[in-house]
Each structure stands twice: as structure tokens, then as C-alpha cells.
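Work through the following exercises with the sequence and the three-dimensional structure side by side. Try each task before reading its solution.

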Amino acid sequence: MHIHRLEKIWIAFGLVMLAVFLTVLGIFAFSQGVQTPHSYAHQGVDPEKLSETPPFDQPGVYQIGENEYEAVIVTYAFGFNPGEITVPAGARIHFVVTSPDVVHGFEIAGTTVNLMSIPGEVNRVTYTFDKPGEYLILCNEYCGIGHQAMYTKLIVI
Amino acid sequence: MANDLQRQPANADGREAEPALWGTFAAVLIIGALFVAGWFGAFGLFLARN
């Protein structure tokens, strides 16, 4: 089969591009200790019984260390519990998120916090808020008639 | 006459000429450059927000 010389060059370019992307991502992920959630650490909850299941029976932000917090968040149609969150600059927050009704999104705009809040599942992410300001927390997964109004804010002072 | 429109131009030795692809090559390289720029742009945003 005859392949044009320029076509060979273009195919080579494409393969090299793919190899570079995978290598950069691979080294970055490995150096950051990124892993898939461990199956042995899987925590399921009964979405209909959240009000009786710790820690979701008491949603809120709890201090667990020096400028370190655990934020237990329940996303519901159509809001977040707790609503507004205020933390000092440099706060390292461990978010623990679930939903009692439908799938919601939990994104903090301008940060790398962007996860799904799924009934029956507990999702977690940790982020350090170095820069003061107001951060929009929004639901980015369609959840019903009030989805566009489902947002709150996180204030870093 | 209709046949002339469908046949590739013939070389002196009767073989078909290779298609001239330099313009296509330039165009896909530009698109490839956009891919690379977009990829590193998104990666850069991720690093900045981390």
C-alpha cells in the first residue's frame, strides 16, 4: 500500500503528540500520587437515611487541625448544606460530599474542585485556599427545575 | 472527453502523478499546532489552579 511521504510525516506527528501528552500526564500524576479510589475504601451510604448517618447527619465545616478543616456537604435540590462557607486564607479543606436525592455537581469555580455528588456514594477532594476572595460554588450537573439557581459561595478572608 | 475529467494526469512513463499535498500538509500542521496549544493551555490552567 502506498502512503504519501507527507502523510507519513503527519501520522508521525500525531503519534509523537499523543506520546508527549501521555508522558507528561503520566509523570505528573505519578509525582502527585494520583490514584483511583481504592475499592477497599469505598463508602456507600443510604441516601434516604442521610439524616441518621454520620457525618451527614450534621453537615458543616469542622476544624480538624491548624487551618485544616473537614467540610461535610449535602447537596440537595436545589441548594447546599451548609450554605455559605467562610475560612481564613491558607485553609486546607477536605470536602466530603453526597446527595439524598439526585445527582448533583459540586464545583468551586477557579479551582480544581469539581466533582459529582451521587446518591449512595461519598465523594472527596482536598484543596488549599491560598488566595482570599469569594469563590462561587455551583451545581454543574442538571438536577431539575431549580438547577440554574443552585449555587452558593465560599469566602476566604 | 468526459473521461479526461475522471482520469488522473499521467506522467511520461504512464504512471499517475502523486497528488500535490503541500497545502494540505501546511493546513493540518496549523491544526496540529492548535491541538498542542490547547492541550498545554488547559494543562497550564490546571497547574495554576491547583
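**Exercise 1: an open sheet**

Task: determine how β4(A) and strand β10 (residues 151-156) of chain A are paired, and place both in their sheet.

Solution: β4(A) and β10(A) run in the parallel sense and are joined over three bridges, where strands are DSSP runs of E of at least two residues, helices are runs of H or I of at least four, both being numbered from the N terminus, and two strands pair if DSSP finds at least two bridges between them. Within this pairing, A:Val87 has A:Val156 of β10(A) as its bridge partner. The next step is the whole sheet, which is open, has mixed pairing and contains five strands of chain A in the order β4-β10-β9-β6-β7. Because β4 (85-87) and β7 (114-117) of chain A each have a single partner strand, they stand at the edges, and one side of each is left without a neighbour in the sheet. Neighbouring strands of this sheet are turned against each other by 20° on average, direction ignored.

Before going on, note that this is a predicted model, in which local features need pLDDT of at least 70 and side-chain atom pairs count only at pLDDT 80 or more, while totals for chains, interfaces and linings use all residues. Residues are numbered from 1 along each chain as its sequence is written, and chains are lettered from A and ligands numbered from 1 in the order in which they are written.

**Exercise 2: strand β5 and a histidine**

Task: find the strands with which β5 (residues 91-98) of chain A pairs, and describe the surroundings of A:His94.

Solution: Strand β2 (residues 68-76) of chain A pairs with β5(A) in the parallel sense over seven bridges, and here A:Tyr69 has A:Ile93 as its bridge partner. Strand β8 (residues 123-129) of chain A pairs with β5(A) in the antiparallel sense, again over seven bridges, with A:Phe95 opposite A:Val125. A:His94 also lies in β5(A), and leaving aside residues up to four places away in sequence, it touches A:Glu70, A:Ala71, A:Arg124 and A:Thr126, contact meaning that C-beta atoms, placed from the backbone, lie within 7 Å. A:His94 counts as partly exposed because it has 16 C-beta neighbours inside 10 Å; 20 or more would make a residue buried and 12 or fewer exposed.

**Exercise 3: helix α1 and its partner**

Task: check the length of helix α1 (residues 5-31) of chain A, and describe how α1(A) packs against chain B.

Solution: The expected span is 1.5 Å times one less than the number of residues, so the 27 residues of α1(A) should span 39 Å, which agrees with the 39 Å between the end C-alpha atoms. None of these 27 residues is buried, and just after the helix A:Gly33 takes a positive phi of about 70°. α1(A) packs against helix α2 (residues 22-49) of chain B at about 5°, with axes 11 Å apart, the axes being lines fitted to C-alpha atoms over the stretch in contact and the angle running from 0 to 180 degrees between N-to-C directions. The two helices are therefore roughly parallel, a class that takes angles under 35 degrees. From α1(A) the contact uses A:Leu6, A:Trp10, A:Phe13, A:Met17 and A:Phe21, and from α2(B) it uses B:Phe25, B:Val28, B:Gly32, B:Phe35, B:Val36 and B:Trp39.

Note on methods: Parallel < 35°, antiparallel > 145°, perpendicular 65-115°, else oblique. Contact = placed C-beta atoms within 7 Å.
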